[in-house]
Amino acid sequence: MEVCLVVCLRKKIRMNKASFLYLLVFLTVVACDNSSNVEPASDSYFLKFYGQTGYQEGVDVKETSDGGFVIAGNSIRTFGGQSDYLLIKVDARGNQVWQQTYDFGGEDRMTEVVVANNEYYIAGTSTVSNTNKIMLVHVDANGAEIDNYVVVSSDLTYNYICTGLTYSSSGNFIVVGSTDSPAGGSPAENSIMAIIDNNWTGEEIKYSGISGQPVTYVKAYEILDTQTQKPAYLAFGYKEENGGFQMGLDQYDELLNSPNSNNYITASDAKTIDVILDEEGSYLMIGAANDLSVIVSVNSAPVSGYDKYFVNTGYEIGFTRLLANGVAKIKEGEFAVSGNLLVENSDITKATIFNSNSNGSIDWIRQFGTTSSYSAGKVRVISDGSIVFTGTAELESQTKAFLVKMRNNGEMK
């Protein structure tokens, strides 16, 4: 079965010798049970769908060494069944190369994928012995599972939910997640940061927060402190305090002590959603509240013998009802942001991609989804300067993962 919809910006389209109306939205959609049979509209830019019978979701996308992409997400192959991790490998034109799922006997939900040495590392949350655990999965270049690892495998008492994965320059994996295990000496809903060596033979664990001030990390990075010349770690996220939310970070030294903690600010009551390295010594956080998104920069300065990171003022992004989900750097002072636009007086959500500067202003915006809901996953800017982002589309009572590749000005031609 094949379903095709073509809508073109300010261009008359003829099909079967019948004239269509002039339409105002640029969108090209081709949905098939096997997307590898679909050729893109051009050699470079496309919108494509992937998946088989059931429900497939696009959560994350990364560029691969061959110029293609790997899409990470979730798959439910049988209606009413449980979710499995999903990886889809596509070439540079968006044509599917292979698709694999990974089942650990329960409900498996993907968070992020990293590409290292032509192989893939998946982080997510899996049900193990009726308890939620953070799982790492190592996959080869052809999608075959090599190994898997349960973070905090010695603790089978508490629930852990994966929120982020980073592969550091030293070859270690940094996993962050939320937990209901004891932190700060008393039970509290807080975050965990795990630093796992590249052989998966050992890990260092740091719990955050204190009782009554829940902290949730969404991303962590390894840095080199230029003052001490030793490794350090930045854990970005948000905390709940006095009935509201604050965005910020905790900074840890090589021993996971925290010389710079509680560096959080209130930014329109938003929660941190995604974080990227902007340039050396600075990062960019994107956050979302009930009906808006914010952008916050983080910079460093030498203080008392180490590099201290400071959270700056947050700016609301100039578009209401738009909840950000991911961010990537286009060029100096300009960023690509993926998010979900809540259509007013409707239950439809549009997957949206737009640019923003560090003050929240927007020059261009593109929306995907018409009569059914589309939701956005993460966005990346790849080596040729193009933008790719993934997400999930409702198609004929099912969902499919999608991948969009566009120019860095939002155009697709």
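A residue is called exposed when its relative accessible area is over 50%. Keep that cut-off in mind for the views of this predicted model.

**View 1. Asn 242, out in the open between two strands.** Here we look at the loop between S21 and S22, where Asn 242 is found. Its relative accessibility is 80%, over the 50% cut-off, so Asn 242 counts as exposed. The backbone is worth a look too: most residues other than glycine have a negative phi. Asn 242 has a positive value, near 55 degrees, and is not a glycine.

**View 2. Asn 345, another asparagine with a positive phi.** This close-up moves to the loop that sits between strand S29 (334-342) and strand S30 (349-356), the place of Asn 345. Phi is about 60 degrees here, again positive in a residue that is not a glycine. Asn 345 reaches 81% relative accessibility, so it counts as exposed as well.

**View 3. An open sheet of 4 strands.** Follow the strands across and you get the order S14-S15-S18-S19, with antiparallel pairing. At the edges are strand S14 (160-167) and strand S19 (203-207), each of which pairs on one side only. On average, neighbouring strands in this sheet are turned by 20 degrees against each other, ignoring direction. As a reminder, strands of a sheet pair through backbone hydrogen bonds.

**View 4. Zooming in on S15 and S18.** Strand S15 (residues 173-179) and strand S18 (residues 190-196) run antiparallel to each other and pair over 7 bridges. Which residue stands opposite Thr 179 in S18? That partner is Asn 190.

**View 5. The largest nonpolar core.** This core has 23 residues, and the ones touching the most other members are Phe 236, Tyr 283, Met 285 and Val 298. Several strands give two or more residues to the core, among them strand S20 (215-225), strand S22 (244-252) and strand S25 (282-288). Strand S26 (293-303) and strand S27 (306-316) do so too. The largest share, 4 residues, comes from S21.

**View 6. Who surrounds Phe 236?** Set aside the neighbours within four places in sequence, and Phe 236 is still in contact with a good list of residues. Among them are Thr 216, Tyr 217, Val 218, Lys 219 and Tyr 221. Gly 248, Leu 249 and Val 275 are also in contact with Phe 236, and so are Tyr 283, Met 285 and Val 298.

**View 7. A second core.** Separate from the core around Phe 236, there is another one of 21 residues. Its members include Ala 328, Ala 336, Ala 351 and Val 404.

Definitions and conventions:
Residues are numbered from 1 along each chain as its sequence is written. This is a predicted model: local features need pLDDT of at least 70, side-chain atom pairs count only at pLDDT 80 or more; totals for chains, interfaces and linings use all residues. Side-chain values use heavy atoms; hydrogens and water are left out. Two strands pair if DSSP finds at least two bridges between them. Axes are lines fitted to C-alpha atoms, for helices over the stretch in contact, and angles run from 0 to 180 degrees between N-to-C directions. A nonpolar core is a set of buried Ala, Val, Leu, Ile, Met, Phe, Trp, Tyr and Cys residues joined through side-chain atoms within 4.5 Å. Buried means under 20% relative accessible area, exposed over 50%, partly exposed in between (1.4 Å probe, protein chains only). Contact means heavy atoms within 4.5 Å.
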